[in-house]
Amino acid sequence: MAFVRFILASLMTIGLIYVLDHPVKLGENTLPPPGKFFSPQHGFWMNAEPVGIRYPHRDLQLAGLTGEVTLLFDDQMVPHIYAENDLDAAFAQGYVSAMLRLFQMDLSTRAPLGKLSEIMGERTLAYDLGQRRKGILEAAERLAASWEANPEIKPLMQAFTDGVNARIKELNPREWPLEFKLLDYEPEPWTFTKSAGFIMAMSETLARTAHDIPLSNAYQVIGPADFPFLYPNRNPKDIPVIPDSSTFSSTNNSLTQAPTMSASGTWGYQDWLPESVPGIGSNNWVAGQAKTRDHLSILCNDPHLTLTLPSIWLEMQISTPKASSYGVAFPPLVGIAIGFNEHAAWGFTNAGHDVMDWYAIRWTDETKTKYLLDGQEKMAALRTETIVVRGQKDPVLDTVRFTVWGPVPNLIAGTSGADLAMHWIPLLDIDDQMGLAFAKINQANTVAQWLQPLYAYDAPMQNALFATTTGDIALRVSGLLPIRNQTDGRLVQDGSLSEVAWSGFVPDDENPIAINPAQGYLASANQQSTGTSYPYAYNGIFENYRGRYINERLRSNDSLTVEDMMALQSDNTSLFALEAMETFFPLVDTTVLSNQEFIALQSLRAWDGRFEALNNMPLLFDLWQRQVGSLTWDELYTAREQMPVEIPDEWRLLELLQITPDLKWFDIQGTKEVEDGQQVVTLAWKNAFQQFTDLSASGKGYWSAYKSTDIMHLARIPAFSAMDLELGGNKNAINAITSTNGPSWRMIVELGPQIRAFGIFPGGQSGNPGSPYYRNFLSTWQKGEYRSLQIQTREEVMNHTPLMALTLKTN
């Protein structure tokens, strides 16, 4: 009997050991081995960081340095790097980035490169296949190889990479970031390809304007006669990024007369190509000395990106004998992306240009390896992608077809029988020096020095802004801008004709630029880059309201202050809402409204257009304008059930209601009578009021509850996220907060003899959810407040007793 008990106890022990040492499958989710995850010596307990602790000074011997580096972490865990040269500064930046954000660096580069399935298993396989079929990994590898071959870029990128790997190498499993333990995998060495992959990810976010497909479908639904009427290229009210008074060196105005061309057919939804996210954009502006109260230029920047925890940004100071710079960096890249030094400040917004065209491929064989080009049969280049899938014995092999235009991401033909090839600047064999651009801009003191790295910058296209303490201000639309001679690039093109190819790129010295304009300020908010005098045709997705609002505010005030700029960055006013209400109200037939509907309409008339968090009027307006759009474009929304279809711009709908309210498109297809604009706006109000009543009854009758902004953890772990935040803002307001996106970094720099700078981002410096510095900036950001930013000497930081002090030495 004792022997039987011994056997049973042994089997239970073996079973328990097995359970503790192996992942646990719960439905579609897999938990890490419980023994490892809960181990007091190695598990998640080791990731808890006490509040207020100051760590003793440490000296570290690290291979790859040429001199000595001091790292001081201030009371907010902001690293201040003091290095003897640029290479050691890059090494130290790589080291602190990995120290604070290693999991973020890993995940944010695995995703674009199509390598999530190595850690996530089969559930991310479809996503990885999509990334590989778009050629992202192949392009990142080529970009990394170009850095390797560039004697100017390689040393800097190698130093940064060595710094990341120095940090990874010194970690033991108990010190791994929490997410590595939770997902049960270990950090792998950093490479050039990983940094290049992050650049590809930013290009996908900011320059993946795949509107050719839904626009082409709309072209087929609406017809060639009505298409240019409903989808004009330019809003006549727009105030461009580059003032109209700016002159351009080229006079070849014939280039702006490119006709619209399209391949025949329609194309369905493509899983590998999600719709563009609304709210991706940014604001930046600079008021020159003549526009400010104290006659000091003030530069402002707030890039709008998907809000995540940890934040996409890492705040830091980098000091070398050449320059000291302060601002925020992307953890996977070297240099400070948005910030200031002792003589200048700089920032970026997305330019919104279409640098991705789609071409219909006419295959000539069933295997889809040959296609037509100018009447000749041409072989596609084939690349086999190998995707390792966690939990599967064998990798998944996939063959990607490359044409002269680019990769064919999916072999799902449109109605014409043709597949689509993607022609996109980041996929081309170009010598993009983004790996070096930020580091060079960090040391720029003059406009000429700032321009030099921008000439070598290719993608994604950005509105680069600059200001100096001497009073110069400048803004340049930077990146490669395609020249399209035969088409405007808005629609899918016939890939069997080489004549529709780009004929090159706008010369560097003809990119739109303004330096010290007569108006005394410059502003960009993703609106059109230029007026109609610009000699090169272009198109894109441009914002129609924020740019005008900023221009109006700056133009009307010659005594601007830092406090004015803070208020403007947090301004929740929507110019679209104000103009829409001005259009809607006269069209409402009040004779058919109920008493409650009429009272609510009068309440909305008194609203000031500000999307404040706890106000119910923004919700009522938003429901109304959505109803107007859905009732007007009902034919297009019906077509959307089968395929992606572009809806005309909001500004165009307002214009049509003002000038042609009897337009045939206002007729609602599901009714017997023929409606006009007045009937549409009135019915939309009645529908919106009913929706508003229902939402109010459910407790969601105010703006922030309806909008429901979440800042999710990168791995979508709710416990590590900030959910249902009480925030105002709207995509058309300067404070462009949506349910997922918003100002990821707010910065204001006053450029005087002593620079005054302020900034904030929603999160914290640490990527560790168990750290007091994981989200400690969030409440300050929510309230529209700022932290003071200051370039400090070693002695100044030490006087305030830093949280941590490290000395890095070569071994």
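At 37% relative accessibility, Asn516 counts as partly exposed, a class that lies between buried, under 20% relative accessible area, and exposed, over 50%, as computed with a 1.4 Å probe on the protein chains only. The structure is a predicted model, in which local features need pLDDT of at least 70 and side-chain atom pairs count only at pLDDT 80 or more, while totals for chains, interfaces and linings use all residues. Residues are numbered from 1 along each chain as its sequence is written, and side-chain values use heavy atoms, with hydrogens and water left out.

Asn516 has a positive phi of about 50° although this residue is not a glycine, and its place is the loop between β23 (513-515) and β24 (521-524); helices (H or I, at least four residues) and strands (E, at least two) are DSSP runs numbered from the N terminus. A positive phi, near 50°, is also found in Ser708, again a residue other than glycine. Ser708 belongs to the loop between α22 (703-707) and β25 (709-713) and, at 22% relative accessibility, counts as partly exposed. Most residues other than glycine have a negative phi, and most peptide bonds are trans. Against the second of these tendencies, the peptide bond from Leu309 to Pro310 is cis, with omega near -5°, and Pro310 lies in the loop between β8 (308-309) and β9 (314-319). A cis peptide bond likewise joins Ala459 and Pro460, with omega about -5°; Pro460 is found in the loop between α13 (447-455) and β20 (462-468).

For the protein as a whole, 24 helices and 31 strands were assigned. Of the 811 residues, 60% are buried, and the protein exposes about 32000 Å², of which carbon and sulfur atoms supply 54%; these areas were computed by the Shrake-Rupley method with a 1.4 Å probe, and for residues only the protein chains shown count as cover. Among contacts between residues at least 6 apart in sequence, 72% join residues at least 24 apart, a contact being defined by heavy atoms within 4.5 Å.

Strand pairing was examined in several parts of the chain, two strands being taken to pair if DSSP finds at least two bridges between them. Strands of a sheet pair through backbone hydrogen bonds, either parallel or antiparallel. One open sheet consists of 3 strands in the order β16-β17-β18, with antiparallel pairing, and its edge strands, β16 (381-387) and β18 (407-408), each pair on one side only. Between β16 and strand β17 (residues 396-402) the antiparallel pairing extends over 7 bridges, and Ala381 has Phe402 in β17 as its bridge partner. A further open sheet of 3 strands, in the order β19-β13-β22, shows mixed pairing; here the edge strands are β19 (419-424) and β22 (493-494), each of which pairs on one side only. Strand β13 (residues 356-361) is joined to β19 in the antiparallel sense over 6 bridges, with Ile361 standing opposite Asp419 in β19.

Further along the chain, strand β28 (residues 746-751) runs antiparallel to β29 and is joined to β29 by 5 bridges, and a hairpin connects these two strands through 4 residues. Val749 has Ala757 of β29 as its bridge partner. Strand β29 (residues 756-760) is mostly covered, since 4 of its 5 residues are buried. This strand is also joined by 3 bridges to strand β30 (residues 787-789), again in antiparallel fashion, and the bridge partner of Phe758 in β30 is Ser788.

Internal space was searched on a 1 Å grid over the protein atoms alone, a cavity being a set of points where a 1.4 Å probe fits but cannot get out, and lining residues being those with an atom within 4 Å of a point. Grid points were joined across faces, edges and corners, and a volume is the space filled by probe spheres set on the points. By this rule, 4 cavities of 30 Å³ or more were counted, and the largest cavity holds about 200 Å³ of space. Its lining comprises 18 residues, of which Met202, Leu206, Phe330, Phe348 and Gln462 lie nearest the centre. The elements that contribute two or more residues to this lining are α9 (192-207), β6 (281-287), β7 (297-306), β12 (344-350) and α12 (434-441), and β12 gives the most, with 3 residues. The lining divides into 13 nonpolar, 5 polar and no charged residues, where Ala, Val, Leu, Ile, Met, Phe, Trp, Tyr, Cys and Pro count as nonpolar, Asp, Glu, Lys and Arg as charged, and the others, Gly among them, as polar.

Terms used:
On a 1 Å grid over the protein atoms alone, a cavity is a set of points where a 1.4 Å probe fits but cannot get out, and a pocket is an open set with protein on both sides within 12 Å along at least five of seven lines; lining residues have an atom within 4 Å of a point.
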